[in-house]
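Subject: Handover of a structure and notes on it

Dear colleague,

I am passing the structure below on to you, together with my notes on what was found in it. Please read the notes with the sequence and the coordinates open beside them.

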Amino acid sequence: MTETPPPRRARAEIDLGALRANVRTLRARVAPHVRIMAVVKADAYGHGAVRCARAALEAGADWLGTATPHEALALRAAGITDVPVMCWLWTPGDPWDQGIEAGLDMSVSGMWALEEVVEAARRTGGTARVQLKADTGLGRNGCQPADWPELVGAALKAEADGLVKVTGLWSHFACADEPHHPSIAAQLDVFRSLLDHAEKAGVEPEVRHIANSPATLTLPEAHFDLVRPGIAVYGVSPSPELGTSAELGLRPVMSLKASVALVKWVPAGHGVSYGHHYVTDAETTLGLVPLGYADGVPRHASGRGPVLVDGTVRTVAGRVAMDQFVVDLGGDDPAPGTEAVLFGPGDRGEPTAEDWAVAADTIAYEIVTRIGARVPRVYLGG
Ligand SMILES: Cc1ncc(COP(=O)(O)O)c(C=O)c1O
C-alpha cells in the first residue's frame, strides 16, 4: 500500500522562531538574576510540548513547568533531562516514585501530598525535590496561610531525614491580568509573610516565585527569583486590558489555516448550516471551511468568527459544525483549495487568536489550547 499523504484539510503552523523571540523578549523584561520557567503544560497550550520546550530552552529559558506529573515525565522521556522541570497538579496516587527518579520538582499544597512524597522517597531511596505552594488569595490550589506552619514544619522534618529537599516556595496570582487590582498587592503581602515564616523556620529555597505572564510583563516587584510565563511564550496577550500581543512586543506562534473544500453559488433565501441561523440575502457564493468544533473552532463563534479568504476577512455564516463551517464569499469565487486563515500573527490582514476570543466570548488561551489533535502541527523555524 502507498503511504497516505499528510492531510491537506488544515494545519496549525507553529513558528518556533517567534517562540524563541518571545522568550528573548521576556528575558529582557526581567532582571539578569531572574530565571525563566517556560510553562509548557497542556501540550504547550496546544503548540506541541517537546518542540516548544526545546525552542524555549534554546532561547534562554532555564526551567520548564507543567501542570501534571505525566506531562513532566513525558518531557524527560523525550530526552529533556538536563534542566529542572516542575509540575504542580498532583492527585492522590500519582507517580511520585517516577517523579523522584526523574528529578522533577514536585509541588506540594497539603499534608496528603507531603505524606505521599515522603513515602515515595522511602520506597525509592531517593530525595524528592519538593516545592511548597501557598494559597495567597487565589482560592484554588495551594496551602492556606493558617495551615502553612504545619506544612513547612513537616517538610523541614522530612528534609532533616534526608527524604526531601525543599527547592521552592511559590504561589499564583488571581488577577495579575487586571492592572492595579487590589488583590495583587494583597497577595504579594501574604506571599512575603509566608516566605518570611518559612525562611525563619529554616527553609533555604532555590527559587521563590509567583509571576505568570501578566505579572512577568507588568509587575517587576513580583519577579522574585523566577517567573513562570505561559501564554506570553506563545506570543498571545494575556488580556486585552494589557494590550495586544504586538503592543506587548510579542509575536503569535500559532497560525491556524485550512484549505477551502468547496465553493458554490446559491440563490437568495438559502439557509446555511444546522438550524438555518444564517440565510443568504442575495444570490452569493458560499465557501466550505473543513474545520469544526471537533478541531477546537468554538461553536460559540457561530455567526461571528473571522476568517481571511483570498485577501478578504469573512465571517462564519451560521453554525460551526463538528468538522466544518461555511463563510459567505459575497459572489467571490476562489478556487477550491484556496487558503482560509482563521488566525495568525495578524500582519497579513488575518485575524488573531485574540479576535477569535472576542468572537467566542472567551480568552485567547482557550482558542489556541483547544485546537484538536486532528489538526497537524507543522513546525517552522527549525
Ligand atoms: C501555576 C501556573 N503558573 C503559571 C501559569 C502560566 O500562566 P500564563 O499563561 O498566564 O502565563 C499557569 C497557567 O495557568 C499556572 O497554572
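What follows goes from the chain as a whole to its barrel, then to a second group of strands, and finally to a few single residues.

Please keep in mind throughout that this is a predicted model, and that the values below were computed from it.

Overall picture

The protein chain has 382 residues, of which 53% count as buried, and its secondary structure comprises eleven helices and 19 strands. Taken along the principal axes, the C-alpha atoms fill a box of roughly 80 × 55 × 40 Å. The accessible surface of the chain comes to about 16,100 Å², and carbon and sulfur atoms contribute 53% of that area. If one looks at contacts with a sequence separation of 6 or more, 66% of them are made by residues that lie 24 or more positions apart. As for charge, the chain carries 34 positive and 46 negative charges, and the mean positions of these two sets are 3 Å apart.

The barrel

Eight strands close into a barrel with parallel pairing, and their order is β2-β3-β4-β5-β6-β7-β8-β9. As general background, the strands of a sheet pair through backbone hydrogen bonds, either parallel or antiparallel. At one place in this barrel, strand β2 (residues 35-39) pairs with strand β3 (residues 63-66) in the parallel sense over three bridges, and A38 stands opposite L64 in β3.

Strand β5 (residues 105-108) deserves a closer description, and one may ask which of its residues are buried on each face. On one side these are D105 and S107, and on the other M106 and V108, so that both faces of the strand are covered. Strand β5 pairs in the parallel sense with strand β4 (residues 85-87) over two bridges, and it also pairs in the parallel sense with strand β6 (residues 128-133), here over four bridges. D105 takes part in the pairing with both neighbours, since M86 stands opposite D105, while R129 is the bridge partner of D105 in β6.

The connections on either side of β5 contain helices. Strand β4, helix α5 (residues 96-101) and strand β5 make a right-handed β-α-β unit. From β5 the chain then crosses through helix α6 (residues 111-124) to β6, and this β-α-β crossover is right-handed as well.

The strands around β15

Further along the sequence, strand β15 (residues 306-309) is also covered on both faces, with P306 and L308 buried on one side and V307 and V309 buried on the other. The pairing of β15 is antiparallel: four bridges join it to strand β16 (residues 312-317), and two bridges join it to strand β18 (residues 339-343). L308 stands opposite V313 in β16, and its bridge partner in β18 is V341. Strands β15 and β16 form a hairpin with two residues between them, and D310 in that turn has a positive phi of about 55°.

Single residues in loops

Two residues may be worth a look when you go through the backbone angles. H180 is not a glycine, yet it has a positive phi of about 70°; this residue lies in the loop between β7 (164-170) and α8 (182-201). Is H180 buried or exposed? Its relative accessible area is 78%, which is over the 50% cut-off, and therefore H180 counts as exposed.

S273 is likewise not a glycine and has a positive phi, in this case of about 65°, and its place is in the loop between β12 (271-272) and β13 (278-279). With a relative accessible area of 25%, which falls between the 20% and 50% cut-offs, S273 counts as partly exposed.

Finally, E221 is found in the loop between α9 (213-218) and β9 (226-227). Its relative accessibility is 44%, and because this value lies between the 20% and 50% cut-offs, E221 counts as partly exposed. Leaving aside residues up to four places away in sequence, E221 touches L188 and R192. Between E221 and A158 the separation is 63 residues in sequence, and the distance in space is 32 Å from C-alpha to C-alpha.

With best regards

Definitions and conventions:
Residues numbered from 1 in each chain as written. Predicted model: local features only at pLDDT ≥ 70, side-chain atom pairs only at ≥ 80, totals over all residues. Heavy atoms only, no water. Buried < 20%, exposed > 50% of the residue type's maximum accessible area, 1.4 Å probe, protein only. Pairing = 2+ DSSP bridges. Right-handed = clockwise from strand over helix to strand, strands pointing away. Contact = heavy atoms within 4.5 Å. Areas by Shrake-Rupley, 256 points an atom, 1.4 Å probe, with all protein chains shown as cover. Lys, Arg positive; Asp, Glu negative; His and termini not counted. Charge placed at Lys NZ, Arg CZ, Asp CG, Glu CD.
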